[in-house]
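Welcome, and please take a look at the model below. The briefing after it goes topic by topic.

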Protein chains: 2
Amino acid sequence: MSESWPHNSSIHAFKQKMPFNQSSIYRALFHAFSSRIQVQREDAAVPNLEKILRATFRLSGRHSFEAMSLRDLSRETGISMGGLYNYIGSKDDLADMIESFMDVHMANTGRQFVNQIQDPRSRLEMSIRVYIYMGEMFQPWYQFIFMETRSMTRRQKEMAKGMEIRDVNMFREVVESGQQQGTFDPLIDAGMVGSSIIAMIQNWYLKNWRFAKEGVSAGDYADFTIRAVTKLLAR
Amino acid sequence: MSESWPHNSSIHAFKQKMPFNQSSIYRALFHAFSSRIQVQREDAAVPNLEKILRATFRLSGRHSFEAMSLRDLSRETGISMGGLYNYIGSKDDLADMIESFMDVHMANTGRQFVNQIQDPRSRLEMSIRVYIYMGEMFQPWYQFIFMETRSMTRRQKEMAKGMEIRDVNMFREVVESGQQQGTFDPLIDAGMVGSSIIAMIQNWYLKNWRFAKEGVSAGDYADFTIRAVTKLLAR
DNA sequence: TAGAATAGCGAGCGCTCGCTCGGTTGGTAA
DNA sequence: TTACCAACCGAGCGAGCGCTCGCTATTCTA
C-alpha cells in the first residue's frame, strides 16, 4: 500500500492510496451497516445516505447535533420524516453510525499506512502526516466526533475517549521506541509529546476556517508540525 | 501587580495576584451585569448567581448547554423557573453573560500580567504560563466558550472568534518581536507558532480529565509547553 | 402486464421545551 | 402593627420535539 507514497508525501498522493475517499465512503458506510438499514437496494440507499450524512454535518456544524431537528434534516435532504426512519433507527442511532464507522474503519485505514515502517523517526513523521491528511479529507467526520460525542450516551462517550487514548498511545509508543534506540532525547516525556501531537492534529480539523483564511494547506501544516516535534525531540 | 510573581511562577503565587478567583468572580459578575439583572440586593443576588453559573457549567458539561433545560437548571439550583428569570432575560442571555464577561474581564486580566514585560523571551514564557493558569482556574468558563458558542447567535459566535484571533495575534506579535531582535529563529512562521500555542492552551482545559488521570499539573504542563516552544524557536 | 415487494410519504401522538404571570412570602420602614 | 415591595414561586401557554403508522408510489419478478 505505502510502497510508493512515502516518496511523495503530498496529500494528493495520499488520497490515491486510500481505500475510500470523501465520495465513496458512503458506499462503504452502507455495507458496514446494511443490517440495520431497512432500505436494501444499494442504488437507492447510497445516494440517500450521502444526503443524510452531508446534511447532518452541515446542520450540526451550523448549530449542533442536538439542536438539529429531524424536521430540519428532512427539509435539508428532501427526504420525508418517514423516509429518514428507513435509514436510521433513531436520532441517536444516526450519531452512532458516524462514530462506530470511524472507530473501526478510519482507525484501521490510518494504521495500515504506518505499520510496515520500522524506523521510529520515519514512522513518527509518517503518522503525523497521515493523521493530518485524514483530518483534512474527512474534516466534518472528525469535527463531529470531537464536538458532539459528549452530548451522547455513555457508551458513545466511552468509544470516543477510547479512540483518543488509542491515538495518544500510538504516538507515545513511537516516541518511546525512538528514545530507546537513541534517536530522540530520552528526557522528554513521551506521553506529553503524544498528547501534544493529538492536540495539533485536532487543531487542524477544528480550526480549518482560520487556516483557510491564511492560505495554510494541510501539507504546510503537516510540515510545520513535524518540524516542531523533531526539534522538540532532538538530542 | 507582577513585580514579584515572575520570581515564583507557581500557580499558587499566580492566584494571589489575581483580582478575582473562582469564588469572588460571581460578585464581579453581578456588578458587571447589575443593569440587566432584576434582583438588586447583592446579598441575595451573588449566591444565587453562583448557584446558577455553577449549575450551568455542571449541566452543560454533562451534555451540552442546548440540551440543558431550564427545568434541569431550576432543579439543580433549587431556584424556581420564575426565580431564574429574575437573573436572566432568556436562556441565550445566560450564555451571553458568560461569554461577555470573559471577553472583557478575563482578557484584560491576563494582559495585565504580561504588558509590562519587555524582553520577548520572558514575555512569551510568562504569557504561556498565565494563559494555562487562567485555563486551570476557570476551566469550566473556558470549556464553555470553546464548546458552546458555536450553537449560539451569530453575534456570540463572532465574539468567540474575535477572542481567539486576538489571543493568536498576541502570541504572534511576541514571537515576531523576538525574531526581529534576533532571539528567535526568523525562519519559523510566527502565526503558526501563535496558533499552536493556543492549541496547547486549549488542550489543557479541554482534556483535563486525561491530565488529572496521569498526574500532570498545570505547572508541569506550562513547563512542557514553554520548553517545546523554546526549542522550536531556538536559532 | 398483473401482482408482490420495496421505498417513500406526512399528519398526528405524547411529551418537553422556553417563557409568562398572577399570586405568595418575608424583611423593612413608618 | 401595618403597609409595602423586592424576591421568589410554579401551573400553564403555544410551539416544536422525536417518532409512528396507515397509506401511496415505484420498482422488480414472472
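The second largest cavity is lined by Phe146(A), Ala199(A), Gln202(A), Asn203(A), Leu206(A), Lys207(A), Phe146(B), Ala199(B), Gln202(B), Asn203(B), Leu206(B) and Lys207(B). This is a predicted model, in which local features need pLDDT of at least 70, side-chain atom pairs count only at pLDDT 80 or more, and totals for chains, interfaces and linings use all residues. Residues are numbered from 1 along each chain as its sequence is written, chains are lettered from A and ligands numbered from 1 in the order in which they are written, and side-chain values use heavy atoms, with hydrogens and water left out.

**Cavities**

- A cavity here is a set of points, on a 1 Å grid over the protein atoms alone, where a 1.4 Å probe fits but cannot get out; lining residues have an atom within 4 Å of a point.
- Grid points are joined across faces, edges and corners, and a volume is the space filled by probe spheres set on the points.
- The second largest cavity holds about 100 Å³ of space, and its lining takes at least two residues from each of helix 10 of chain A and helix 10 of chain B. (Helices are DSSP runs of H or I with at least four residues, numbered from the N terminus.)
- Six nonpolar, four polar and two charged residues make up the lining of the second largest cavity. (Ala, Val, Leu, Ile, Met, Phe, Trp, Tyr, Cys and Pro count as nonpolar, Asp, Glu, Lys and Arg as charged, and the others, Gly among them, as polar.)
- There are five cavities of 30 Å³ or more by this rule, and the largest encloses about 250 Å³.
- Ser196(A), Met200(A), Ala228(A), Met200(B) and Ala228(B) are the closest to the centre of the largest cavity, out of 18 residues that line it.
- Helix 10 (190–206) and helix 12 (218–233) of chain A, together with helix 10 (190–206) and helix 12 (218–233) of chain B, give two or more residues to the lining of the largest cavity.
- That lining has 14 nonpolar residues, four polar and no charged.

**How the two chains relate**

- A turn of 180° and a shift of 0.0 Å along the axis lay chain B on chain A with an RMSD of 0.0 Å; that is the relation of a two-fold axis. (Copies are superposed by least squares on the C-alpha atoms of residues with pLDDT of at least 70 in both.)
- The copies meet through the same surface, because 100% of the interface residues of chain B are also interface residues in chain A. (Contact means heavy atoms within 4.5 Å.)

**DNA strand C**

- Around DNA strand C there are 22 residues, and the closest are Arg41(A), Gly82(A), Arg71(B), Tyr85(B) and Lys91(B). (A residue is near a strand if one of its heavy atoms lies within 4 Å of it.)
- Arg41(A) places a backbone N or O atom 2.6 Å from a phosphate oxygen of DNA strand C, while an N or O atom in the side chain of Asn48(A) is 2.8 Å from a phosphate oxygen of this strand.
- Helix 5 of chain A gives the largest share of the surface near DNA strand C, three residues.
- This surface has eight nonpolar, 10 polar and four charged residues.

**DNA strand D**

- DNA strand D is surrounded by 24 residues, the closest being Arg71(A), Tyr85(A), Lys91(A), Arg41(B) and Gly82(B).
- Of the atoms of DNA strand D within 4 Å of the protein, 52% belong to sugar and phosphate.
- The side chain of Arg71(A) has an N or O atom 2.6 Å from a base oxygen of DNA strand D.
- A polar side-chain atom of Asn48(B) is 3.0 Å from a phosphate oxygen of DNA strand D.
- Helix 5 of chain B supplies three residues, the largest share of the surface near DNA strand D.

Notes:
Polar contact = N/O pair within 3.5 Å; in protein donor to acceptor, adjacent residues only side chain to side chain. 1 Å grid on protein atoms, 1.4 Å probe; cavity = no way out; pocket = protein on both sides within 12 Å on 5 of 7 lines; lining within 4 Å.
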